[in-house]
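Grab a pencil and open the model in your viewer. Here are some short exercises, each with a solution you can follow step by step.

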Amino acid sequence: MRSLAANADSRLSLWRRVREYAVPPSMIEAATVRRRVGDWAGACAAARVDVDLNLRAVARCHGRELAARLRSDLRYLAPDLLRWHLPRIAPDGLLRPGLTISLTRYGLTEHDGAEPVHLVARTPPAWADAGQRISLALWAVGCRDKDDGPHPHPRPDRRFRLDLHRHLWDARRADELRCRSGLEQLPSDNAAAVHRDPLWDALRECGFAVDRWAAEATLLLHEEGRTSGSVVVRLGPRRRLVLDVAPASTDLRPPAARIAGASRAGGVAGGPVLPDAATWLAPDVELLRRGRIAIDRLHPLVASALAPGHLPAGTPTLPDPAATPGLVACRGAWHRIGLVDGGLTPLDHGPAEIRREELLAALTGNPLPCLRAIDEAHRSPECLPDIRARLDHGDTAGALATVEALLGPDALLRCGDLREELEDAALRRITYGLFRAGLTGHGPAPCSRDWQPKRDRRSHPRHAIAR
């Protein structure tokens with residue numbers, strides 16, 4: 001079994017990769033510019049967020065008051081910050097697929113009926129995750145709106161919710177990250193006594209935010225109109241921790257914290273679940289503490305919250321693979337290759353010699369080492385893992401910029417791994433478009449008139465004949 005330290009290190013490695021590729025600086029800059037001038041739709045477009053709601057339709061269905069509150073929240077929504085904090089999966093740190101995450105919920109009005117309305121963010125299923133796009137929509141309890149489209153899980157998830165953590169997507173409250181991550185917390189005597197237990201030390205070592213569980217559990221209970229009770233903390237696929245919160249207190253009762261195994265967790269399955277954002281330590285805090293990332297590599301809103309007064313060094317730029325000519329051992333000497341007239345070219349060979357060697361290679365001969373190096377750069381360059389990572393996280397512009405910096409803007413890609421990666425990324429984007437259109441290949445798009453109880457569908461004559 002792997003040690004807790006090894007598990008924690010793997011988690012940090014995943015988040016370090018996420019911070020490097022998932023939200024590029026160009027996206028943050030473009031989305032921030034749009035958001036600051038009040039163009040929330042433009043900010044969403046810059047952050048690759050599809051908007052599946054219409055404010056006029058919202059006003060007609062749920063009233064003008066709710067529409068006004070929604071418009072205010074959208075104006076200060078930082079979609080790039082939301083993408084920064086969304087849950088991820090191993091091993092590549094891609095968005096957790098098939099999620100519906102509640103960002104905020106709006107209380108009752110005279111038009112709403114009996115249940116609140118949620119502003120939700122959705123991630124596509126794994127088979128349609130090309131581009132790592134997110135969608136923004138409204139969801140109301142007890143109804144299946146056509147805006148849900150073909151999403152497999154339109155209902156907000158209990159575990160992955162951000163309505164209690166607005167600082168992870170609302171630019172007005174981004175500074176709350178410092179206190180919500182525990183950097184300014186002074187634990188009480190009772191909490192300190194609880195956390196001296198070996199169990200708490202082991203959980204803290206593994207990356208769990210045990211010092212914040214009491215306060216976060218209290219917030220969760222208050223949201224449900226309660227001042228005390230039990231809260232379930234998910235530690236793993238088959239491990240749960242049940243926390244009892246004392247009334248009128250933010251401290252945990254030491255005897256009431258217990259681990260529930262898979263066989264015992266059923267008794268608490270219906271209770272409130274501590275959100276994943278409150279269960280774990282903020283990954284940026286851990287990365288900074290262990291020196292795995294520089295403060296300037298963080299999102300500007302995150303950096304200003306964790307390090308108040310810090311002056312950013314500037315927007316990081318993509319590495320330029322062709323900034324200096326490459327050196328190749330050719331015919332007993334070191335020759336240079338570099339960009340000339342928009343393409344990668346040997347700099348120490350004349351045009352006639354290059355044409356002769358290219359003809360020799362076309363006739364299955366052995367070309368110059370310089371030409372072999374250029375051919376290898378077109379087919380499978382050394383920076384291919386970096387390009388692949390950018391494509392996996394949806395940063396097509398960054399991947400193409402890296403290719404152009406390596407091969408030149410006028411290069412014609414040759415058959416090989418690089419061309420296959422780019423073609424595969426384009427095909428997967430088509431799959432995502434089909435998913436958005438309801439042409440998923442996994443059955444027809446759901447329709448509201450087909451949303452009937454199972455007993456009604458089974459009683460249909462057609463199904464009776466089939467049986």
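**Exercise 1. Find how many cavities of 30 Å³ or more the whole structure has, and which residues line the largest cavity.**

Solution. Keep in mind that this is a predicted model.
- Step 1: search the whole structure, and one cavity of 30 Å³ or more turns up.
- Step 2: check the space inside; the largest cavity holds about 40 Å³.
- Step 3: look at the walls, where you'll meet L95, P97, T123, P124, D129 and Q132.

**Exercise 2. Work out the strand order of the open four-stranded sheet, and explain why strand 1 and strand 4 each have one side without a neighbour.**

Solution.
- Step 1: read across the sheet, and the order comes out as 1-6-5-4, with mixed pairing.
- Step 2: strand 1 (49-51) and strand 4 (100-106) are at the edges with a single partner strand each, so one side of each has no neighbour in the sheet.
- Step 3: compare directions; on average, neighbouring strands of this sheet are turned by 30° against each other, direction ignored.
- Step 4: zoom in on strand 5 (residues 117-122) and strand 6 (residues 134-140), which pair in the antiparallel sense over six bridges. For H118, the bridge partner in strand 6 is W139.
- Step 5: add the helix. Helix 5 (residues 64-75) lies across strand 4, strand 5 and strand 6, and runs at about 125° to strand 4.

**Exercise 3. Decide whether F208 is buried or exposed, and say which residues F208 touches.**

Solution.
- Step 1: locate F208 in the loop between helix 9 (198-205) and helix 10 (213-223).
- Step 2: take its relative accessible area, 4%. Buried means under 20%, so F208 counts as buried.
- Step 3: list the contacts, leaving out residues up to four places away in sequence: L203, W213, R234, L235, T279, W280 and L281.
- Step 4: try a distance. A278 is 70 residues from F208 along the chain, yet their C-alpha atoms are separated by 8.7 Å.

**Exercise 4. Say which residues of helix 16 are buried, and what the phi of G394 is like.**

Solution.
- Step 1: go through helix 16 (residues 384-392); the buried residues are L384, D386, I387, A389, R390 and L391.
- Step 2: move on past the helix to G394, whose phi is positive, near 85°.

**Exercise 5. Sum up the protein chain in numbers: what share of its residues is buried, and how much area does it expose?**

Solution.
- Step 1: the secondary structure comes to 20 helices and twelve strands.
- Step 2: of the 467 residues, 45% are buried.
- Step 3: the chain exposes about 24200 Å², with 53% of that from carbon and sulfur atoms.
- Step 4: take contacts between residues at least 6 apart in sequence; 63% of them join residues at least 24 apart.

Terms used
Residues are numbered from 1 along each chain as its sequence is written. This is a predicted model: local features need pLDDT of at least 70, side-chain atom pairs count only at pLDDT 80 or more; totals for chains, interfaces and linings use all residues. Side-chain values use heavy atoms; hydrogens and water are left out. Two strands pair if DSSP finds at least two bridges between them. Helices (H or I, at least four residues) and strands (E, at least two) are DSSP runs, numbered from the N terminus. Axes are lines fitted to C-alpha atoms, for helices over the stretch in contact, and angles run from 0 to 180 degrees between N-to-C directions. Contact means heavy atoms within 4.5 Å. Buried means under 20% relative accessible area, exposed over 50%, partly exposed in between (1.4 Å probe, protein chains only). Accessible areas come from the Shrake-Rupley method with a 1.4 Å probe; for residues, only the protein chains shown count as cover. On a 1 Å grid over the protein atoms alone, a cavity is a set of points where a 1.4 Å probe fits but cannot get out, and a pocket is an open set with protein on both sides within 12 Å along at least five of seven lines; lining residues have an atom within 4 Å of a point. Grid points are joined across faces, edges and corners, and a volume is the space filled by probe spheres set on the points.
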